Amino acid sequence: MLNLSKLILLILIPFQIISCAEQKKPVKVQQDTDNYIQFVNPFIGTKNMGHTFPGATVPFGAIQLSPETNQVSMYIDGNYNPEVYSYCAGYQYEDSTIFGFSHTHFSGTGHSDLGDLLIMPTTGKLNLDPGDASIPHSGYFSSFSHANEFAEPAYYRVYLDNYHMTAELTATERVGFHRYTFPKTDSAHIILDLMSNIYNYDDKNVWTFVRVENDSTVTGYRQTTGWARTRTVYFVLKFSKPFNSYGHKKYDNNPYKGFYRRFNEEENFPEMAGKNIRAYFNFDTEAGEQIRLKAAISSVSTAGALNNLETEIPHWEFETVKNQSQEKWNKELSKIEAETLSEADKTTFYTALYHTLLGPTIYEDVDGSYRGLDMNVHHSKRFTNYTTFSLWDTYRALHPLFNIIQPARNNDMIKSMLSHRDQSVHQMLPIWSHHANENWCMIGYHAVSVIADAIIKGTTDINPEMALQACINTSTTPYFDGLDSYMELGYVPEDKSSSSVSKTLEFAYDDWCISQLAKQVGDTIIYQNYLKRSENFKNVFNTSSGFMQPRLADGSWKKPFDPLDTHGQGFIEGNAWNYGLYVPHDIDAMIEMMGGSDRVTAHLDSLFNMELDDKYIENTEDITRDGIIGNYVQGNEPGQHIPYLYNWTDAPWKTQERVRMIMRTMYGPEEDGLCGNDDAGQMSAWYVFSALGFYPVCPGSDQYALGSPLVKEASIYLENGKSFSIKTVNQSEDKVYVENVELNGTTINRNFITHNEIINGGELTFYMSERPNLSVE
């Protein structure tokens with residue numbers, strides 16, 4: 001049986017420094033001939049609540065150029081509009097309208113922002129009103145058909161029915177490239193809608209400024225206040241053809257115009273300024289004529305945006321950019337070469353891998369300049385700065401996956417987190433940050449998990465003492481999320497801070513990560529202090545009810561208590577039945593506390609088999625029936641380790657059974673192939689790991705719990721030049737159980753492998769069977 005707490009204290013991986021200069025080139029996988037992008041379906045997750053986008057981007061690119069299929073306000077008459085939740089990524093597959101193509105999107109999140117620089121080509125009489133999707137021809141939007149829509153990595157194409165034109169998109173890291181094929185007309189327009197936002201509402205725009213530099217170049221910026229409350233995007237647009245005329249309309253209520261009132265600002269005036277602006281550019285076109293548009297962004301300046309554009313796309317060759325960007329995708333996707341049971345499985349696998357490579361995203365100009373959390377301009381030194389850290393989600397599997405297939409990038413991401421801390425007035429690591437802003441979403445301080453995991457696994461060259469201090473500062477900020485009470489009482493009281501049990505459990509795990517980092521550094525006092533804090537999960541376990549349960553500041557248990565409910569019961573996006581199983585760093589202690597192996601096995605069986613009444617999920621946006629099996633929620637993060645918990649009981653074969661069942665029922669190759677928000681790649685990372693046959697139940701340790709692989713075989717090509725192969729014997733659809741596991745030809749009598757065993761290269765072989773091996777414990 002696994003014992004993570006004991007093993008990590010005995011077997012600490014030597015601190016292996018992997019700098020960018022020292023890394024060996026990974027083994028190539030016939031990159032010149034193998035076309036991995038053919039196995040990716042960017043539409044997976046665009047239907048229902050996957051919240052992915054189908055548009056053009058490159059791995060970890062700052063540009064996500066994708067269509068908006070509706071314009072939905074976040075508030076109606078001052079009240080939250082729940083329909084906006086469906087448009088976190090701007091696109092819903094069931095829509096048949098397109099309102100334009102914007103340049104920034106999140107992938108898979110359950111809250112949103114961005115949607116910058118919406119471009120819409122039109123013909124006929126100019127209409128600057130977006131319109132109502134339910135009323136045909138009520139605005140500049142167009143209808144479209146999925147029959148005339150196509151997407152693959154770094155390329156998107158659609159036919160706009162209303163305007164009889166084809167729109168094509170590709171992108172580099174910082175530049176979006178549009179190609180529009182127009183009909184013959186003397187009234188072609190390209191609209192720049194600077195009022196459009198994702199999660200839009202009145203007054204989200206703070207200020208907008210535009211300059212028409214010449215007849216084919218436009219520069220400007222827009223500042224918004226939303227999920228990121230102080231966010232500025234600078235941009236430059238370059239057209240392949242000079243426009244005949246241009247103009248804009250301002251939708252502000254400001255009566256003061258100063259002495260600009262002497263001008264007709266709305267037509268052919270080269271300055272535009274205000275809170276809410278829509279601009280347009282007019283052309284004459286011949287039948288089949290293509291107008292191309294390049295749009296670059298920067299967080300620093302319009303000069304930075306222009307430099308990004310001229311550096312990344314100094315020409316007008318659309319196909320060249322598309323091909324080069326797709327080569328980048330092939331390079332990254334080829335790091336795992338998988339053979340699957342079916343072509344559908346291959347699509348599911350490589351699309352999941354694709355989704356894991358969409359973020360975090362680059363957040364600096366080509367010269368290394370970026371706007372920091374303090375709103376000053378900084379320059380990255382010996383690292384690339386990244387943003388979009390959805391850490392409550394991604395510490396679980398995404399960053400651990402990067403420690404295997406993207407260690408150099410993950411190293412840069414950690415350096416970005418430490419830079420965030422240096423710029424933070426709170427002296428804290430990021431909680432959930434994007435675009436030079438901390439948005440404080442969700443709970444825990446999980447940057448410490450990402451940092452500890454990388455240091456324990458030897459994939460970073462950061463200073464561990466400085467990293468430890470950053471983790472200590474973050475974990476001792478008294479005004480953050482009930483930490484003052486947590487440090488005083490050993491738990492977060494529900495009457496002082498809501499979601500108190502979830503916070504206590506997540507804090508305890510993070511504290512364990514800090515203890516492991518302190519042990520690595522050799523600081524015994526900090527190690528002992530945080531190891532003791534990591535046991536605080538015991539303080540919210542009620543032996544009478546047998547559940548993790550909220551307590552009040554006076555030490556009493558909060559009543560009434562319903563272990564199936566979320567709201568008011570001490571949990572966030574979960575309940576006592578599922579979230580209460582979150583003690584990844586000391587699972588043996590949790591099992592003992594709950595009454596032993598048999599009791600926990602019975603609890604897990606009940607969790608998967610029970611019926612959960614609709615009343616328990618009807619008020620929770622992030623959990624729907626699509627992602628639920630009994631009371632187990634695959635469609636959300638807190639319980640995604642749960643199927644692997646059987647490995648710590650006397651029934652590890654049930655892990656194999658559950659994991660294969662989840663992969664078969666919760667994931668798929670079509671638009672509805674995600675059972676919940678992809679959450680910045682975490683849901684997809686779970687699938688990639690599980691399909692390969694192992695999973696990081698406890699990041700910060702060196703172990704990966706074994707499951708039941710779905711691939712027939714796979715090879716992971718590592719940055720150190722070695723490869724790690726997964727083989728199966730007797731693999732088939734109905735052979736989900738593992739009879740035996742060999743590592744490099746030797747049977748291993750344990751339910752885990754270590755990180756060193758992966759990065760040292762070798763071969764892991766699973767012998768599959770129709771029947772469980774009941775002798776393995």
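**Group meeting: three spots in the model**

Okay, let's start with a small sheet: three strands, open, in the order S32-S33-S38, with antiparallel pairing. S32, residues 694-695, and S38, residues 752-754, sit at the edges with a single partner strand each, so one side of each is left without a neighbour in the sheet. Keep in mind that this is a predicted model.

Staying with that sheet, S33 covers residues 703-706 and pairs with S38 in the antiparallel sense, over three bridges. If you want a residue to click on, take Gln 703: its bridge partner in S38 is Thr 754.

Next up, strand S6, residues 118-123. How many of its six residues are buried? Six of the six, so S6 is largely enclosed by the rest of the structure. You probably know the general pattern: in a regular strand, side chains alternate between the two faces of the sheet. Here, Leu 118, Met 120 and Thr 122 point one way from S6, while Ile 119, Pro 121 and Thr 123 point the other way, and all are buried. As for pairing, S6 goes antiparallel with S12, residues 185-193, over six bridges. One thing to look at there is Thr 123, whose bridge partner in S12 is Ala 188.

Last stop, helix H13, residues 587-594. The buried residues in H13 are Ile 587, Ala 589, Met 590, Ile 591 and Met 594. And what do they pack against? Strand S28, residues 541-542, and helix H14, residues 597-609. Right after H13 comes Gly 595, and its phi is positive, near 110°.

That's my tour, so over to you.

Technical notes. Residues numbered from 1 in each chain as written. Predicted model: local features only at pLDDT ≥ 70, side-chain atom pairs only at ≥ 80, totals over all residues. Heavy atoms only, no water. Pairing = 2+ DSSP bridges. Helix = DSSP H or I, 4+ residues; strand = E, 2+ residues; numbered from the N terminus. Buried < 20%, exposed > 50% of the residue type's maximum accessible area, 1.4 Å probe, protein only. Contact = heavy atoms within 4.5 Å.
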